[in-house]
Amino acid sequence: MADESKNAVVEPVVSNNGYEVIHSKSSLFYDLYERKSELKHQTHYCPGCGHGVAHKLIAEALQELGVQDKTIFVSPVGCSVFAYYYFDVGNVQVPHGRAPASATGIKRACPDKIVISYQGDGDLAAIGTAEIIHAANRGEKITVFFVNNAIYGMTGGQMAPTTLVGQKSTTSPWGRRPVNEGFPLHMAELISTLEAPVYVERVALSDNKNIMKARRAIKKALENQCNGVGFSFVEILSPCPTIWGKDPVEARRWVLEAMVPTFPLNVFRDHKPEMPVNNAPPQRPVPDVLEITPVEGAHGAVAGKHAHHFKNFTIKVAGFGGQGVLLLGQLFTEMGMREGLEVSWLPSYGPEMRSGSAHCHVCLSKERIGSPLISHPDALIAMNEISLRKFAPQVAPGGLILYNRDTLPADFALPPGVRAICIPASEMADKLGSTKVTNIIMMGALLEETECLSPGTAMGVIEDKVKKVALLETNRKALAAGREFIDHQVRIAVTQPDGFAE
Amino acid sequence: MRQLCKGNVAVIKGAILAGCRAYYGYPITPASEIAEAAALYIPQVGGTFLQAESEVAAINMVYGAAAAGVRVMTASSGPGLSLMQEGISYLAGSELPCVIVDVVRGGPGLGNIAPEQSDYFAMVKGGGHGNYRNIVLAPASVQEMADLTVLAFELSDKYRNPAIVLADGFIGQMMEPLDLEYREVVLPDKPWAVKGTPETRANLINSIYLEPDELEEHQREMEAKYMRAHVETRHELYQTEDAEVLLVGFGIVSRVLRSAVETLRQDGVKAGLFRPVTLWPFPSEVLAEEAAKVQKVIVVELSNGQMVEDVRLALDGKVPVEFYGRVGGNVPSVEELHAQVMERIASLV
Ligand SMILES: Cc1ncc(C[n+]2csc(CCOP(=O)(O)OP(=O)(O)O)c2C)c(N)n1
Ligand code: SF4
Ligand SMILES: [Mg+2]
């Protein structure tokens, strides 16, 4: 920092009539308020406004702590929207009520900087209630100054969540009536019910003694941040003479006599919470995290090893959720990709899955894939009867249905030109020791019957996905069982309407 | 090496390649896998993932991080994007760069979670208050979910403006091969940011200009920037050389239209496809050039007709424009679009 004197302690000078006389201005404020369009030597705040005093106390504390260069001041929407006219620090002006969220984004980007969220009562306790509660609850390592003047100053005197019972405002013209508007919100108390905050105090800009207390609280809240301890919150009861219709002296008295009984001054929290052990995520190089680097020992591309006797081959897999329907589709897609094909996989998602059924579309193609949505699949793998009945009519002429049962339902009519093979895959899987491999049996059958993809690629993909040795063995057996079923078992001869039997 | 990847996951892989190390979001189907991938990957490369208390908070966390000069993003779907609109307006007004992904679902209201393209107006025309634009990119594949996210970061930094990746439920949920190449990113210098350093102490991030003349000047400067951004238009053509009917669609619809072009050509119809990749800036000039060569333009959208307005503006009445839309989460099949085109060109033959 260039100027040593900037860090000098500034003591407020108190005159006889109780006013604080600003003989010296904190050097943390700009000399001239160039960002104002006129009257650049004075503030835009009304005479006797608490914001001015709060600003001064904050500026002095920052100056004393010597952190001017590393401070980022987040100003709200309210009378203090223009705090950036005055504070010679980095300034960010944010939407109404959202300062704690924006301060979170800033602090997470610059953890070693001093981030201040300065907010009014409408801003913090009405429109921004969620943001302040959650920032506090996360224990963001920021400092929040909450200027409670029991009114919306900037918009001309509407009711605030902190407006006192009976207090008149332009939107509570008969005085705040709890039956209609509820009771004043006690933010300091509310925040102090949370576990994470380290420091919560309410102070009042009502008289010199209390201003000195406010000064200490503000400095402490900033010191906490300098020490990286956690979330600090100072509620500052603050006069708004203009809207209250009082002169500055009366307004200060009103803070003490009317506000303090509702909002007691207190240190509500001053301790560091126990933080449970932090499971820090492992740090890995970007190419590893993004799976750009091939995993060691994995089976990679096998392009060119298998002859694909099609231009496009489309598969629909359907069944209950939990039958490995979506996974089976993904395995085919992964295999196709490894064999150098263009591939796409499109799942059913959302409520349909919740009701228990799932399906997916797989496209294998030698050309760039247009629509990933299949209207007429070349092959349907129906893992249950509902799927068979629902999707069989869509199967392309000349297409194939693999049905997870030993026979087709008695009343079921196959669409013309479509073949069906019934495989009791669930029972076969049970015999292999795991119903989970039903889908792999179906895979084996499809590969054997259509030769769309190579069983070798299938095993490569399965080996890469299944890490448990025993389970891998069951998968291997399942794939073989599906293939053998096609080779050795009697095919269910399927009769077409014209009497042609395969 | 190609990897099989979900569209939503590809977004985060692209973002990390682009140097994004900050994600703030709130879950919503069909965009949740973006947040989940961010939660899994970003902390492993030294970044921040935070699940915000709402989309309102999320976009304002993005605002803060963007103000501090880091590459930051969020993602959501319809209802979440509606909540973010105030924040997006502030980001644009304060000239802060960030990337926002909208995996569009059915609306209005809670609608459903199936794909639609009905957020076009909200994203392309603004949606928040005041005079501003979003840069809007519309991916049509998993690869583009990554690539256009990278581009979105670059353009948002270049123009200091939010950039939106406008996808849909299908593009977000589907899996396709993804080919990524790792290279060191050179992050742009942001001397305007507020970083809590002596050099940036004088900086101010702000969208309030009390004096009408000052606000007007600010908006004129933004407008000039938006005019400059028109060089960024991107589009894709398919079989347009000899086309007599031009089909126009973006995102998932462009995929179905591409297949329809093939089946139509098998039936002797000279169809071509124009796919806008940037929705703002809209590729009006090239579209007008291409349309001048055909007898009819048919726009297909998963909406009741939103982009079609930009197509009509671009063509200025010179070529007949027809529209076909499906909504509610229905995505037309190739056969359906084939039939719709046949019906609409019957008068031409
Ligand atoms: C979203 C939104 N709603 C409403 C407003 C209008 N508005 C500006 S300031 C304000 C109230 C400010 O009151 P408070 O936070 O108590 O600040 P004070 O002026 O009293 O310090 C309101 C309602 C706004 N700017 N943005
Ligand atoms: S209206 Fe009230 S809060 Fe606003 S500047 Fe005037 S005195 Fe201060
Ligand atoms: Mg107030």
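A residue counts as near a molecule if one of its heavy atoms lies within 4 Å of it. This is a predicted model, where local features need pLDDT of at least 70, side-chain atom pairs count only at pLDDT 80 or more, and totals for chains, interfaces and linings use all residues. Residues are numbered from 1 along each chain as its sequence is written, chains are lettered from A and ligands numbered from 1 in the order in which they are written, and side-chain values use heavy atoms, leaving out hydrogens and water.

**View 1. Who sits around ligand 1?** You'll find 17 residues there, with A:His51, A:Cys79, A:Asp121, A:Asp123 and A:Gly153 the closest. They come from chains A and B, so the two chains share the site.

**View 2. Polar partners of ligand 1**. In a polar contact, two N or O atoms lie within 3.5 Å. An oxygen atom of ligand 1 is 2.3 Å from an N or O atom in the side chain of A:Asp121. Backbone atoms join in too: a polar one of A:Cys79 is 2.8 Å from a ligand 1 oxygen, and one of A:Gly153 is also 2.8 Å from a ligand 1 oxygen. The protein covers 77% of the 600 Å² of accessible area (Shrake-Rupley method, 1.4 Å probe) that ligand 1 has on its own.

**View 3. Helix α3 of chain A**. This helix (a DSSP run of H or I, at least four residues) spans residues 121-127 and gives the most to the shell around ligand 1, with four residues.

**View 4. Helix α2 of chain B**. Seven of the ten residues in this helix (residues 32-41) are buried (under 20% relative accessible area, 1.4 Å probe, protein chains only), so the rest of the structure largely encloses it. Among them are B:Glu33 and B:Tyr41.

Key
A polar contact is a pair of N or O atoms within 3.5 Å; within protein, one must be able to donate a hydrogen and the other to accept it, and residues adjacent in sequence count only if both atoms are side-chain atoms. Helices (H or I, at least four residues) and strands (E, at least two) are DSSP runs, numbered from the N terminus. Buried means under 20% relative accessible area, exposed over 50%, partly exposed in between (1.4 Å probe, protein chains only).
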